[in-house]
Amino acid sequence: MKIKLLVMDVDGTLTDGKINMGPDGEVFKAFDIKDGYGINEILPAHGIVPAIITGRTSTIVENRARELHITELYQGKHDKLDTLKAIMTKYGCCRDNVAYIGDDILDIVCMRECGVVGCPADSCRQVKDIAHYVCKKNGGDGAVREFIEFIVENNDK
């Protein structure tokens, strides 16, 4: 199996899942610097394209994606499967070339279409039940980096 594409959820995966709201809407999200290093440095070194598909829409996520050079950013996608299939087609990937990390019910349909599936330690039970790798770290606390390291260590095995 050769992973070419890593697809990530945001809330609960790249973040702790908390939505910090002020009077004008979402105020901030906290991202882990180790996840960022994995996405921006480790993935490109191994020829793996990072992508984000998220159900919510946030300027904060747009800014973080830009900072990490993630060009495949899809927000406001409650039906994530069509988007996943379009990205796979764009990069000429079959299920064995795609890894996915997510934490909740909306992610399951995509997880079933990918060759390697991971989730943060604090994911819902249904996601943990289908994951190939359950991280020791929680969402927003380095789980994505942990999963990236798992992928890289096991790529081509």
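A residue counts as buried here when its relative accessible area is under 20%. Keep that cut-off in mind as we walk through this structure, which is a predicted model.

V127 is a good place to begin. This valine lies in helix α5, residues 125-130, and its relative accessible area is 0%, so V127 is buried. What does V127 touch, once residues up to four places away in sequence are left out? The list is G102, D103, D104, I105, I108, M111 and C119. For a sense of scale, take V49: V127 and V49 are 78 residues apart in sequence, and their C-alpha atoms are 23 Å apart in space.

Now for the nonpolar interior. The largest nonpolar core has 24 residues, and L6, M8, I39 and F147 are the ones with the most contacts inside it. Which elements give two or more residues to this core? They are β1 (5-8), α1 (33-45), α2 (59-67), β6 (98-101) and α6 (143-154). Of these, α6 gives the most, with 5 residues. Another core lies apart from this one; it has 20 residues, including I53, I108, C114 and C119. Two of those names, I108 and C119, are also in the list of residues that V127 touches.

Back in the largest core, I39 is worth a click. Leaving out residues up to four places away in sequence, I39 touches M8, L14, P44, P50, L68, I70, V144 and I148.

Next up is α2. Its buried residues are V61, R64 and A65. Why do they end up on the same side of α2? They cover an arc of only 100° around the axis, and that puts them there. The general background is simple: an α-helix has 3.6 residues a turn, so residues three or four places apart point the same way. Among the elements that cover the buried residues of α2 are α1 and β5 (72-74).

The ends of α2 have details of their own. At its start, a side-chain oxygen of S58 comes to within 3.0 Å of the backbone nitrogen of I60. After the helix comes H69, whose phi is positive, near 60°. E67 is also found in α2, and a polar contact of 2.3 Å joins its side chain to that of R64, one of the buried residues of the helix. E67 can be placed against G36 as well: the two are 31 residues apart in sequence, yet 9.0 Å apart in space, C-alpha to C-alpha.

R64 turns up again when we look at empty space. The count comes to 1 cavity of 30 Å³ or more, and about 30 Å³ of space lies in the largest cavity. V10, L14, F31, I52, V61, R64, A65, L68 and I70 line that cavity. With 3 residues, α2 gives the most to this lining.

The largest pocket holds about 200 Å³ of space. It is lined by 14 residues, of which D9, D11, R56, D104 and L106 are the closest to its centre. Helix α4 (residues 105-111) supplies the largest share of this lining, 3 residues.

Helix α3 (residues 80-90) gives another look at sidedness. Its buried residues are K80, L81, T83, L84, I87 and M88. They sit on the same side of α3 because they cover an arc of only 160° around the axis. That buried side packs against β1, β4 (49-53), β5, β6 and α4. The face turned away from it carries the exposed residues D82, T89 and K90. After α3 comes G92, whose phi is positive, near 65°.

Finally, have a look at T15, in the loop between β1 and β2 (20-22). Is T15 buried or exposed? Its relative accessibility is 1%, so T15 counts as buried. A polar atom of the T15 side chain lies 3.1 Å from the backbone nitrogen of G17. Not counting residues up to four places away in sequence, T15 touches V10, K29, A30, F31, G139 and G140. V10 and F31 have come up before, in the lining of the largest cavity.

Conventions:
Residues are numbered from 1 along each chain as its sequence is written. This is a predicted model: local features need pLDDT of at least 70, side-chain atom pairs count only at pLDDT 80 or more; totals for chains, interfaces and linings use all residues. Side-chain values use heavy atoms; hydrogens and water are left out. A nonpolar core is a set of buried Ala, Val, Leu, Ile, Met, Phe, Trp, Tyr and Cys residues joined through side-chain atoms within 4.5 Å. Buried means under 20% relative accessible area, exposed over 50%, partly exposed in between (1.4 Å probe, protein chains only). Helices (H or I, at least four residues) and strands (E, at least two) are DSSP runs, numbered from the N terminus. Contact means heavy atoms within 4.5 Å. The arc is that of the directions from the helix axis to the C-beta atoms. A polar contact is a pair of N or O atoms within 3.5 Å; within protein, one must be able to donate a hydrogen and the other to accept it, and residues adjacent in sequence count only if both atoms are side-chain atoms. On a 1 Å grid over the protein atoms alone, a cavity is a set of points where a 1.4 Å probe fits but cannot get out, and a pocket is an open set with protein on both sides within 12 Å along at least five of seven lines; lining residues have an atom within 4 Å of a point. Grid points are joined across faces, edges and corners, and a volume is the space filled by probe spheres set on the points.
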